[in-house]
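Please open the structure in a viewer and keep the selection tool at hand. The stops below are meant to be followed in order.

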Amino acid sequence: QVLVEESGGGLVQPGGSLRLSCTTSGSIFSVAIMSWYRQAPRKQREVVATIDRDGSTNYTLSVKGRFTISRDNTKRSVYLQMNSLKPEDTAVYYCNQRFRYGTRDWWGQGTQVTVSS
């Protein structure tokens, strides 16, 4: 079984910061492709950031320069440091795990991020 768990969400004011964490089990984490997705109410789910097996990263334009994705293979964890948060960042953030030769994705339960005054 592959399990994915997110944590670190919360309520912050615009301009504030949050650090999301995602821990996995039941897989060879070092070869996993890890991503953070988010979904705002009545909005389509979108990928926020991805980190590949070799540490290469990709970000959606709306968060580029503000968010940083990283991974720690020994801790089987991936992180999303979110700075300069905007109300538009309000969403449920999901951790996603997939494998190069896999047939499906694994998802965490989601963690709520609310940016509001």
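A residue is called exposed when its relative accessible area is over 50%, and buried when that area is under 20%. The model on display is predicted.

**Stop 1: a loop residue**

Select Lys75, which lies in the loop between E7 and E8. Is Lys75 buried or exposed? Its relative accessible area is 54%, and the cut-off for exposed is over 50%, so Lys75 counts as exposed. Now add Tyr37 to the selection and display the distance between the two C-alpha atoms: Lys75 and Tyr37 are 38 residues apart along the chain, and their C-alpha atoms are separated by 21 Å.

**Stop 2: the open sheet**

Next, display strands E1, E3, E8 and E7 as a cartoon. These 4 strands form an open sheet in the order E1-E3-E8-E7, with antiparallel pairing. Strand E1 (3–7) and E7 are at the edges; each has a single partner strand, so one side of each is left without a neighbour in the sheet. From one strand to the next, the twist averages 15°.

Moving through the sheet, begin with the pairing of E1 and E3, antiparallel strands joined by 5 bridges. Select Leu3, and Ser25 in E3 will be found opposite. Then move on to E3 and E8, which also run antiparallel and are joined by 6 bridges. Two positions are worth selecting here: Leu18 stands opposite Met82 in E8, and Ser21 stands opposite Tyr79 in E8. While the side chains are shown, recall that in a regular strand they alternate between the two faces of the sheet.

**Stop 3: the disulfide**

How many disulfides does a search of the whole structure find? The search finds 1. Select Cys22 and Cys95, whose sulfur atoms are 2.0 Å apart in this disulfide. The pair links distant parts of the chain, with Cys22 in strand E3 (residues 18–25) and Cys95 in strand E9 (residues 91–99), 73 residues apart. The link is left-handed, with -85° about the S-S bond. Both Cys22 and Cys95 are buried.

**Stop 4: the nonpolar core**

Now select Trp36, Leu80, Met82 and Tyr93. Within the largest nonpolar core, which has 27 residues, these four touch the most other members. At least two residues of this core come from each of E3, strand E4 (32–39), strand E5 (46–51), strand E7 (67–72), strand E8 (77–82), E9 and strand E11 (111–115). Which strand gives the most to this core? That strand is E9, with 4 residues.

Centre the view on Leu80 and show its surroundings. Leaving aside residues up to four places away in sequence, Leu80 touches Leu18, Arg19, Leu20, Trp36, Val48, Ala49, Phe67, Thr68, Ile69 and Tyr93. Two of these contacts, Trp36 and Tyr93, were selected at the start of this stop.

**Stop 5: a polar residue in E9**

Finally, select Asn96, located in strand E9. Is Asn96 buried or exposed? Its relative accessibility is 0%, and buried means under 20%, so Asn96 counts as buried. Which side chain makes a polar contact with the side chain of Asn96? The partner is the side chain of Asp105, at 3.2 Å. Extend the selection to the wider surroundings: with residues up to four places away in sequence not counted, Asn96 touches Ile33, Met34, Ser35, Tyr37, Asp105, Trp106 and Trp107. Among them is Tyr37, the residue paired with Lys75 for the C-alpha separation of 21 Å.

Conventions: Residues are numbered from 1 along each chain as its sequence is written. This is a predicted model: local features need pLDDT of at least 70, side-chain atom pairs count only at pLDDT 80 or more; totals for chains, interfaces and linings use all residues. Side-chain values use heavy atoms; hydrogens and water are left out. A disulfide is a pair of cysteine sulfur atoms within 2.5 Å. Buried means under 20% relative accessible area, exposed over 50%, partly exposed in between (1.4 Å probe, protein chains only). A nonpolar core is a set of buried Ala, Val, Leu, Ile, Met, Phe, Trp, Tyr and Cys residues joined through side-chain atoms within 4.5 Å. Contact means heavy atoms within 4.5 Å. Two strands pair if DSSP finds at least two bridges between them. Axes are lines fitted to C-alpha atoms, for helices over the stretch in contact, and angles run from 0 to 180 degrees between N-to-C directions. A polar contact is a pair of N or O atoms within 3.5 Å; within protein, one must be able to donate a hydrogen and the other to accept it, and residues adjacent in sequence count only if both atoms are side-chain atoms.
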